[in-house]
Amino acid sequence: MTFEDVLQELPLIAILRGLTPVEAGPVARALFACGFRCLEVPLNSPEPFASIRAIVDTLGDTALVGAGTVLHPDDVQRVKDAGGQIVISPNCNIEVIRATKALGLVSLPAFFTPSEAFAAIEAGADGLKLFPAEVAGPQGLKAMRAVLPKAMPVFPVGGVDAETMAAYCAAGARGFGIGSSLYAPGRSAEDTGARGRALVTAFRAARATA
């Protein structure tokens, strides 16, 4: 599964903060069943690299799996060693972006200003994460989308749920990263899957009307 495949099939990133290795397989299967093809385990989760490996072992090459909250270039190699293919950060760290691309992985750093966005693009980012999206809002995205390259996908992250997707899609969002409205520590695979189905339905409706 490539990043381009995710963009075409369902550009939603499941942010599984707090996931444990024991939960990883069942949660991954539940999310895959409802359409998710990109799963992120933030590095401030318990044993994140073990969870990444468990998801990769569960889904193989049918999903794009990787790490979030990647703050240091040294962690990029550990993501790759665990089988991860995508590196997602809450900030615009040029060294992390360069390390990610040097290892042939997908880079999705965060930005909040046009300066950060263009710095990330110049460093080789494959997509951009608008974070925290609830602060920028759809109006902030729309203003920045006017100057960003049209082909550069932007994923709002932070406070995104079924009710807010339509406004962001209309403002130029290509997809979303979804955290607590999808998964929270201790939430069952069944509950996560049900939430996933509702979010997928909401996203497809929002995209259709954008």
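This report walks through the strands, helices and salt bridges of a predicted model.

## Strand 3 and its neighbours

A good place to begin is strand 3, which covers residues 64-68. Five of its five residues are buried, so the strand is largely enclosed by the rest of the structure.

On one side, strand 3 is joined to strand 2 (residues 38-42) by five bridges, and the two run parallel. If you would like a pair of residues to look for, L39 has V65 of strand 3 as its bridge partner. Strand 3 also pairs with strand 4 (residues 86-88), again in the parallel sense, over two bridges. Here G66 has I86 of strand 4 as its bridge partner.

## How the chain crosses between these strands

Now follow the chain from one strand to another. Strand 2, helix 3 (residues 48-59) and strand 3 make up a β-α-β unit, and the unit is right-handed. From strand 3 the chain crosses through helix 4 (residues 73-81) to strand 4, and this β-α-β crossover is right-handed.

## An open sheet of three strands

Further along, strands come together in an open sheet with the order 6-7-8. Three strands form this sheet, and their pairing is parallel. Its edges are strand 6 (110-111) and strand 8 (154-156), each of which pairs on one side only.

Strand 6 and strand 7 (residues 128-130) run parallel, with two bridges joining them. To find this pairing in the model, look for F111, whose bridge partner in strand 7 is L130.

## Salt bridges

Side chains of opposite charge can pair when their charged atoms come close. How many salt bridges does a search of the whole structure find? The search finds seven.

One of them links E9 with R37, with the closest N and O atoms 3.7 Å apart. This pair ties together distant parts of the chain, 28 residues apart: E9 sits in helix 1 (residues 3-9), while R37 sits in the loop between helix 2 (21-33) and strand 2. Is R37 buried or exposed? Its relative accessibility is 15%, and buried means under 20%, so R37 counts as buried. E9, with a relative accessible area of 41%, is partly exposed.

## Pairs within one helix

Other salt bridges join residues of a single helix. D75 and R78 both lie in helix 4, three residues apart, which is about one turn of the helix. The closest N and O atoms of their salt bridge are 3.8 Å apart. D75 is buried, with a relative accessible area of 16%, whereas R78 is partly exposed at 47%.

Helix 5 (residues 94-102) holds both E95 and R98, which are three residues apart, about one turn of the helix. In this salt bridge the closest N and O atoms are 3.4 Å apart. E95 counts as partly exposed at 44% relative accessibility, and R98 is partly exposed with a relative accessible area of 49%.

## D191 and its network

Finally, turn to D191, found in helix 9 (residues 189-209). Which residues does a network of salt bridges link with D191? They are R187 and R195.

D191 counts as partly exposed, at 31% relative accessibility. Along the chain, D191 and V27 are 164 residues apart, yet their C-alpha atoms are separated by 9.4 Å.

Methods: Residues are numbered from 1 along each chain as its sequence is written. This is a predicted model: local features need pLDDT of at least 70, side-chain atom pairs count only at pLDDT 80 or more; totals for chains, interfaces and linings use all residues. Side-chain values use heavy atoms; hydrogens and water are left out. Buried means under 20% relative accessible area, exposed over 50%, partly exposed in between (1.4 Å probe, protein chains only). Helices (H or I, at least four residues) and strands (E, at least two) are DSSP runs, numbered from the N terminus. Two strands pair if DSSP finds at least two bridges between them. A crossover is right-handed if, with the strands pointing away from the viewer, the path from the first strand over the helix to the second runs clockwise. A salt bridge is a side-chain nitrogen of Lys or Arg within 4 Å of a carboxyl oxygen of Asp or Glu.
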